[in-house]
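Student: I should like to learn how strand pairing and burial are read from a model. Could we work through an example together?

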Amino acid sequence: MSHQKMIPIFKMEFGNQFCRDMAGSTRTLILLAILVTASAFKGFVNADIDFSSLHVLSEVRLPKEVLPLNYEVLIEPHIRHHNFEGSVKIHLRWITDSKKVNFHAHDSLLIDYRQIKLNRINMGDGTLGDSVIILRGIRLPRKPVFVLYLKDKIKKDTECHLEIYFKGNISETEEGLFRSYYINSGKEDSDIYLATNLNPNNARRLFPCFDEPGIKVPFNVSIARPNGYTTLFNTPLHNSIKHPKVSGYSLDFFYTTPPMSTHAFGFVILKLKMWNDPRIIKASDIPSINIWSNNFSSTILLDIHNKLNVAHNTIQNFFNIPLPITKLEVIAIPNLETVPYISASGILIVRESEIVKKDVFDISRELIYQWIGIWITPEWWTDASVNKALISFIASEIVFEINGGIEFNGKYPMTILYSLYYELSKRYPHSHITGIKHEFASFKVQLIIRMLSLTVGKDTFRLGIQRFICDYKFKTYKSSDFWNAITTQAKADNSLDSNLSILSIAESWLKHSRLPLVTIIRDYNSETAIVQQKVYLRERQHDVPDQDKMLWWIPIALTRQDSVDLLNPRPCTWMKKTRQMQISNLPSKNMFIIVNQEEIGPFPVNYDDNNWNMLSQYLRMEAKRESIPVYTRAKLLHDAWNLAYAGELNFATALNVTLFLKYERNLIVWNPVFTFLDQVGKRLEKSSISRKFEFYIIELLVPLYDYLETANVNEDINITEIRKLTTAFLCKAGYFPCFKAARRAFNLWVNSSSPNFESPVRNEFMCPMFKWGSMKEWMFGLDRVREFPKSRLQSDRTFLLKMLAGCPAQQEKIIYLLELAILKNVSIFSDNDKILIISMVSSRSMGYTTLFDFLSNNWDSIYQNFYNNTNTWRKLISSATEMFCTQEGYDMVKIFYDKHYGHFGSAQHLIERSLRNIKDEIYWSKQNIPIIEEWIDQYLSHTPKRTYVTHKLLCQRRTKEFKSGETQSQTGGKQSKTSDYTTNMIKTVKVTDYHQDKILGV
């Protein structure tokens, strides 16, 4: 091992006039390193940790006895031998008297405590003093912590020099120090590269350290490399020498880093060349963006550089403060397998397929992380969700500044907002899956940040973020520090009442895992309204524990029909954490109001029926509708339907709100519609009005379908997705022109010379064909599963199997598939296939009723074959019993339960849960189905004739119209394969037997 040279700290002026105005003076990095070190360990000692929100599982926090002040790190990778060795010298300070030193070291890191050296540091001149005797060193059981036990107690404020030698293995996966390959552009073979991925807590895999985000100190680093390779580190190269001990190696010394957390440490050793282009003019106030790649042309590299440069400059303008780095190394790697990006201070490793994308959201998020995450850092993992959410929010703002948000396709913030509404309104959200829980927590915080930005004003919010960065650069922060910075700025700008606090507002949202529902009940005579809040729940029963204690600070932003100004929302008032409040000065009784326009906050809003009906009528006025902006129209539709589903609004009122869709052509408004149709359609399938609801779907979607068939594809980048959904729903509902197009495509597949290797059937046509098509057509699809080539993507086989199991409307298809997979146990179906078949079959009424009968009729055989196969057994019992929603269904399941009681084993609790849920579903059906049926009857009485596929399918024989002679004449006398398949009966219907009463609100 070579002794490491001391390298001077890389000095750089940072900040700008904005920060100088706030902070009062300009400081250099070398001074800041001293000051931040002191504040860092002070914050560490006083930290108050809430482990309930811990994201890094099984993470261990070190005792608060000893802290590092700086590191000297030497890394020597041995590429051919797949391992590395090195040394770390840590300058320590004792915070309290102690006889121990705790530090992180992964169990893959080899450490011999007998080689560890610990010396006191003479405080006068900084030289090494007496040696401290180490009695022993051990690893804590099942924890990545190494403990040194000392002979003598070290007093508080003592400083020591700790030197540890270590060895480790280079990983084949992308964590710690790993290696991978890329094709060399100059030859056809591959080259190895080494890189680090130390986020979130993998620095301990590389060297012994205090691997916590809240500990930020300088690093003095040297790295050995084979000759011919280049090493890229967080800071620029200071100098290189011939390695004194390892032949064919050089030793690179780098400028000392500013204070940073261990997860920001990173380097890459590679043979790629840095791209240079004389057209690039480097500015003095931004880091030099260096792109390393060998697979892209100069034209592509110039586009990449321009995208990075625009994103960086836009972010820097947003923050109004430059990064304290002189260069940003961007390394494009073709086979970065498990993660698309790896970020460290001044380093960004990117998968090639990601960096060539035109979109800027993801790359902006990685660049923002250099400011928020590396330069300023969460003190502990409990603040990680706020850090991630803040980065994503700012990245979305950057996208809107760069390209007007076009890459979002109109789905931001609706996509994450609707997901949040559905998940957090469940009886049991997250399904107890920790990863999903934390992902939704981050989504929620992002929407809270957006809400606060809109309520205090975007300019104020941006200034608050700038203040926040200036106050915490090179430091660590708690979430409360961020909220308090926004409060300070908002009060300075008079955009927040002096008695309010952003922290209090935010905490009211963060402490609950739910979202509120706001209800507005107007008093039209006094022009006032009562505003109420409670927990928003879609699923019955509404028996969430402690829901009466859940209250939020809610911005009540209100717009009146007589002064529509929805694009510049500001709250008229904050609803405190109270169950009810009154608002006044509302418009007259013939004018509507809208609260929470443009989804300012993540909460749905309900109104009294009169206000809903005024909104419904206004939306149907061609000259008026578009005065309500797109996102607000989508919100009104989304809220009405979901509130009806949850039992908070009469379904007739909600269905009236959908009537304007006949004229609506903005695809953003249509985005949530298909989810509604699917959810309600599933609940109505078993009922007597299932077919009527399909007629409603046809009437609702045909105008959009006709529009999309003639629309210019370039008119809207979202048009392809909506066209697919519209086609799929119409085909499944039996709209004949759509089904006819599906059958034409399917016949091309049937007549293909190699049907196992190609499918001309669009995905949206596949389900309708297996639903409405003949048994032979369905069998043709099943044959494709049986003969599926191994060379094709298995995801294509999975999709085909899903359609075969989940779409049929005929029992014989489902029974045939269940007999093959469950009773006959044919080899083409794996255990995963069986679970998939069971799951998809039970997704529709015909399927789960057939599955229930199949299980009942074949109990002995199924019990014998699957009782000990826990996963499949549980899936069978739950899927066959949980979807019923009528009293008849409950009675069937109860008889089945009583008959086989004591024999359900591991699925006992599942069928008991099914019985409880069916009772809730019965209540929903009794409350809503009569209302829905009456509304649809009246609605269809005003509809035109439509041609549709009937339920009566002639699947077992050819129709008279489909004669073989006709087929032969069409194929030049040659028998066509399509002659083996039957057609469905077609019928033109005009509904005349429905009530003629006027629909409410029509």
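Student: How many bridges join β22 to strand β23, and in which sense do the two run, parallel or antiparallel?

Tutor: Bear in mind that this is a predicted model. Strand β22 (residues 516–523) is joined by eight bridges to β23 (residues 528–535), and the two run antiparallel. One of the paired positions is Arg522, whose bridge partner in β23 is Ala529.

Student: What do β22 and β23 form, and how many residues lie between them?

Tutor: They form a hairpin, with four residues between the strands. Within that turn, Glu527 has a positive phi of about 55°.

Student: Which residue in β29 is the bridge partner of Thr519?

Tutor: The partner is Asn606. Here β22 pairs with strand β29 (residues 605–607) in the parallel sense, over three bridges.

Student: Why is β22 described as largely enclosed by the rest of the structure?

Tutor: In general, side chains in a regular strand alternate between the two faces of the sheet. In the present case, six of the eight residues of β22 are buried, so the strand is largely enclosed by the rest of the structure.

Student: How does one read burial for a single residue, and why does Asn642 count as buried?

Tutor: A residue is called buried when its relative accessible area is under 20%. Asn642 has 2% relative accessibility and therefore counts as buried. This residue is found in helix α14 (residues 630–645). Leaving aside neighbours within four places in sequence, Asn642 is in contact with Tyr422, Tyr536, Arg538 and Phe676.

Conventions. Residues numbered from 1 in each chain as written. Predicted model: local features only at pLDDT ≥ 70, side-chain atom pairs only at ≥ 80, totals over all residues. Heavy atoms only, no water. Buried < 20%, exposed > 50% of the residue type's maximum accessible area, 1.4 Å probe, protein only. Contact = heavy atoms within 4.5 Å. Pairing = 2+ DSSP bridges.
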